[in-house]
Amino acid sequence: MATSYCCLRLENVIFSSTSRKLKQTSANGSVLFSSPISSFSLLSPSSSLFYPILKTSHSLHSYLHVKASSSTAIAEPEGIKINSVPTKPIEGQKTGTSGLRKKVKVFTGENYLANWIQALFNSLPPEDYKNGVLVLGGDGRYFNREASQIIIKIAAGNGVGKILVGKEGIMSTPAVSAVIRKRKANGGFIMSASHNPGGPEYDWGIKFNYNSGQPAPESITDKIYGNTLSISEVKMADIPDVDLSSLGVTEHANFSVEVVDPVSDYLELMENVFDLELIKSLLSRSDFRFIFDAMHAVTGAYAKPIFVDKLGASPDSISNGVPLEDFGHGHPDPNLTYAKDLVNIMYGENGPDFGAASDGDGDRNMILGRGFFVTPSDSVAIIAANAQEAIPYFTSGPKGLARSMPTSGALDRVAEKLNLPFFEVPTGWKFFGNLMDAGKLSICGEESFGTGSDHIREKDGIWAVLAWLSIIAYRNKDKKPGEKLVSVADVVKEHWATYGRNFFSRYDYEECESEGANKMIQNVRDIVSESKPGDQYGKYTLQFADDFTYTDPVDASVVSKQGVRFVFTDGSRIIFRLSGTGSAGATVRIYIEQYEPDVSKHEMDAQIALKPLIDLALSVSKLKDFTGRDKPTVIT
């Protein structure tokens, strides 16, 4: 085969002051790379590229991952030149709980992203993508625009027929799932590190969702990892960068890219799930105040069209509503620690009636009432208990309920009372997908601020906010002006009175040294291996202890080592897990739960109610000895 002369050489970089773009030309003058810039810069081989929000520190070579004089033209199907770019395996490309997450500096290393994308195509049956349609979107974080161009070119190089990409590369994780399902796409790429920080020094991530809209199963992610260990070439189409700033279709022979509105399909779905007029009647009341914190993340693109334009909320009810590449120097994780500004407003004097926040890619949520925090475990249970009467999508009742293993047992009690099938699965939304596709599951949730239903195959932050607004609106639909409204706290306390309260807390120890964290987990596994029912742990009697193993009731697949559990005879639980959603080090998570049926004790502070169990967990695990940490990074 002849060597292609579309080599990328910095000597051919030119600046176009009229188009305000950097262009990379080949020897014959054709444009091989272009990228928008926000200021003029004289470039040399060590120069940097400039973007509207943040300055990059990577050369042109690192973006396209094509070494000069190294690519080989392997095919020209209907006019598109496909280059074979030599590469070699790179360590550390095994996906975690939800895709591959690393620091930006890792992903911008030579061929790092390209290798993983090509390994994905090498892992899929050709019929799953050849001449097919794939969706592409992300949370707007730093490196997404450059990554979009790389993914588009590799998709074209592997025979994909069409890419549907959100304008500016923006599309929330729930919206990607919705678009895959509505447009009957073969799957989709999600560029996000979820709730992790963004920016040049922080995190980036990528994952693939299948044609049902759900994250790829472990059978596929394991194949991807295997292929990253043997990869030798990347197939990249020689096409110009796509203008992601304007809606429309760009065609290159038999391959096309359609830039789509990231909100429209998702909003249409929400209109089919909820009674938006009912919610609008609540948000338009003069005696009800609402605030939504988008945390400068992807839901900023959805908040105004949905809450303001569609539902009539005041424009100033949206906080941090502009998506930024570094999330405004924030940590887009909607919890009591990182959404502190919202918490302060809700707990302040005369705070709003309802507050909510979502995370980096829009799949997580936090719900607050005035001076009142709703735990994620309680949130999914309360949505499930009220869904049939308050949400039209569930008029016939939920098909079944499910939670991740560490999530509190509050949902279990709803399933029992409503006589619904119930499932306990490992952490990771992909485990809910099989149950949904089999018609066994409608509403599910994770204690990690993830809540959702079978309207898509991802957890869904805005869906959870709309579900709660539906419940509050339904409870107040007959209230006249001046009458006391049913509040978020009222709904929660009524639920506790009916079902009992599951006191729950999670302690996160982020970015621990991996060696110490692994030794701590092994220590508790050793304790489990020697434990037996009836063992005493202070005042608690052990019912059983294990390392959670899950057998999927649909396909009989088995996953093991999903969290070490100590379950006591009074229903209390202590759980130890290493998180798979971080990009560096290890995050140790300890979950503590205690059931309390006595209504007179329901308003105790959770940290006080759980203190004996918290002390026991720290003592049994010897966490401080192994990790050196004497306090958690985050308490939920």
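**Exercise 1.** Find which residue of β13 stands opposite E251, and place the pair in its sheet.

*Solution.* E251 stands opposite S256 in β13. The strand names follow DSSP, in which strands are E runs of at least two residues and helices are H or I runs of at least four, numbered from the N terminus. The model is a predicted one, in which local features need pLDDT of at least 70 and side-chain atom pairs count only at pLDDT 80 or more, while totals for chains, interfaces and linings use all residues. Residues are numbered from 1 along each chain as its sequence is written, and side-chain values use heavy atoms, with hydrogens and water left out.

Next, take the two strands: β12 and β13 (residues 255–260) run antiparallel and are joined by five bridges, where pairing requires that DSSP finds at least two bridges between two strands. Finally, widen the view to the open sheet of seven strands, whose order is β6-β10-β9-β7-β8-β13-β12 with mixed pairing. Its edge strands, each pairing on one side only, are β6 (100–103) and β12 (248–252).

**Exercise 2.** Describe how strand β9 (residues 187–191) is covered, and determine which strands it pairs with.

*Solution.* Begin with burial, which means under 20% relative accessible area with a 1.4 Å probe and protein chains only: five of the five residues of β9 are buried. In a regular strand the side chains alternate between the two faces of the sheet. Here G187, F189 and M191 point one way, whereas G188 and I190 point the other way.

Then consider the partners of β9. Strand β7 (residues 133–138) runs parallel to β9 and is joined to it by five bridges, with L136 opposite F189. Strand β10 (residues 203–209) pairs with β9 in the antiparallel sense over four bridges, and there M191 stands opposite I206.

**Exercise 3.** Explain why the buried residues of helix α18 line one face of the helix.

*Solution.* First list the buried residues of α18 (residues 611–621), which are L613, I614, L616, A617, V620 and S621. Seen down the helix axis, these residues fall within an arc of 160 degrees, and therefore they line one face of α18; the arc is that of the directions from the helix axis to the C-beta atoms. As a last step, look just past the helix, where α18 is followed by K622, whose phi is positive, near 55 degrees.

Technical notes:
Buried means under 20% relative accessible area, exposed over 50%, partly exposed in between (1.4 Å probe, protein chains only).
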